[in-house]
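Subject: Structure handover and findings

Hello,

Here is the structure for you to look over. My notes follow below it.

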Amino acid sequence: MREGKFFNQLGILLILTVFTLFLVNKAISKEYTVGDDEEWNSQANFLSWSEKYNFTVGDVLVFKYVKGQHNVYEVVEGTFRSCDANSGVLAKYESGDDRVELTEAKKYWFLCNIEGHCLGGMRFSIDVKQASAPSDNTDPKNVSPSSQPHEFPAAPPPTSSSRGTLLSESWKTWICIMAFGMFFSLYN
Ligand SMILES: [Cu+2]
């Protein structure tokens, strides 16, 4: 009897863990189609599009367009402002279905380098933040991802209303708490 109960609970624990990892991944990484339904084209307003979202490291921008009609250049600020892509180009994409992972917390500048398109409005910048929401007293860059799993974060346990940010902030702690809860329930 005891053994059967053990494996039942283990199964529930495993399902919960997988489910939690799934939720955590959802919270951490998002995909954004640039321009939403209008996609990457000369008509859309990319300034307003770029201001609609808060981008975090790990998110992915997807540029969709007819190959050859547009392209995507990641550039430095000066190039973004001048629309002159003879210099200051960090990356080029032209497949028509370009996926750009935002790997750094920094300002990203994008433009289309087909003649006239950049000056016509096919450009935008976004400010990508660390996935872990920065708090006043901790620099996320100083937080080692392999810090002790039993160290509890400075933040209080998440409530449902602040679930989104705190999930991504302390997902390892969450998994730790869940594992702890599982063992606790096993031995009761
Ligand atoms: Cu274009």
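Which residue of β2 does Thr33 stand opposite? Thr33 stands opposite Val62 in β2. Keep in mind that this is a predicted model.

Overall picture

The protein chain holds 5 helices and 7 strands. Read from the N terminus, its elements run α-β-α-β-β-α-β-β-β-β-α-α. Of its 188 residues, 31% count as buried. The protein chain exposes about 12,100 Å². Carbon and sulfur atoms supply 56% of that area. Now take the contacts in the protein chain with a separation of 6 or more: residues 24 or more positions apart account for 67% of them.

The three-strand sheet

One open sheet has 3 strands in the order β1-β2-β5, with mixed pairing. β1 (31-33) and β5 stand at the edges, and each has a single partner strand, so one side of each lacks a neighbour in the sheet. From one strand to the next, the twist averages 20°.

The pairing goes both ways. β1 and β2 run parallel and are joined by 3 bridges. Besides Thr33 and Val62, Tyr32 stands opposite Leu61 in β2. On the β5 side, β2 (residues 60-64) pairs in the antiparallel sense over 5 bridges. Val60 has Glu101 in β5 as its bridge partner.

Is β2 enclosed or open? 4 of its 5 residues are buried, so β2 is largely enclosed by the rest of the structure. Strand β5 (residues 97-101) has two faces to look at. Asp98 and Val100 make up the covered face. Asp97, Arg99 and Glu101 make up the uncovered one. Glu101, the partner of Val60, is thus on the uncovered face.The four-strand sheet

A second open sheet has 4 strands in the order β4-β3-β6-β7, with antiparallel pairing. β4 (89-93) and β7 stand at the edges with a single partner strand each, so one side of each is left without a neighbour in the sheet. Neighbouring strands of this sheet are turned by 20° against each other on average, direction ignored. Strand β3 (residues 72-75) pairs with β4 in the antiparallel sense over 4 bridges. Val75 has Val89 as its bridge partner in β4.

Aromatic rings

The count comes to 15 aromatic pairs. One of them is Trp49 with Phe124. This pair is edge-to-face, at 5.4 Å centre to centre and 75° between the planes. Those two values follow the usual form of description. A pair of aromatic rings is described by the distance of the centres and the angle of the planes.

What does the pair of Trp49 and Phe124 tie together? Trp49 lies in helix α2 (residues 46-50) and Phe124 in strand β7 (residues 123-127), so the pair links parts that are 75 residues apart in sequence. Trp49 is buried, because its relative accessibility is 3%, under the 20% cut-off. Phe124 is buried too, with a relative accessible area of 1%.

Both rings also belong to one aromatic cluster. Its members are Tyr32, Trp40, Phe46, Trp49, Tyr53, Phe55, Phe63, Tyr108, Phe110 and Phe124. Tyr32 in this cluster is the residue that stands opposite Leu61 in β2.

Charges over rings

Two rings have a charge over them. Lys106 lies over the face of Tyr108, at 4.5 Å from the ring centre. Tyr108 is a member of the aromatic cluster. The charged end of Arg123 sits over the ring of Phe80, 5.4 Å from its centre.

Ser50 and its contacts

Ser50 also lies in helix α2. Which residues is Ser50 in contact with, leaving aside its neighbours within four places in sequence? They are Phe55, Phe124, Ser125 and Ile126. Phe55 and Phe124 are both in the aromatic cluster. Ser50 and Phe124 are 74 residues apart in sequence, yet 6.6 Å apart in space, C-alpha to C-alpha. Ser50 is buried, with a relative accessible area of 8%.

If you open one spot, start with helix α2 and strand β7. Trp49 and Phe124 meet there as an edge-to-face pair, and Ser50 is in contact with Phe124 as well.

Best wishes

How values were computed: Residues are numbered from 1 along each chain as its sequence is written. This is a predicted model: local features need pLDDT of at least 70, side-chain atom pairs count only at pLDDT 80 or more; totals for chains, interfaces and linings use all residues. Side-chain values use heavy atoms; hydrogens and water are left out. Rings of Phe, Tyr and Trp (its six-membered ring) pair if their centres lie within 6.5 Å; planes under 30 degrees apart count as stacked, over 60 as edge-to-face and the rest as tilted. Buried means under 20% relative accessible area, exposed over 50%, partly exposed in between (1.4 Å probe, protein chains only). A charge sits over a ring if NZ of Lys or CZ of Arg is within 6 Å of the ring centre and within 35 degrees of the ring normal. Contact means heavy atoms within 4.5 Å. Accessible areas come from the Shrake-Rupley method with a 1.4 Å probe; for residues, only the protein chains shown count as cover. Two strands pair if DSSP finds at least two bridges between them. Axes are lines fitted to C-alpha atoms, for helices over the stretch in contact, and angles run from 0 to 180 degrees between N-to-C directions.
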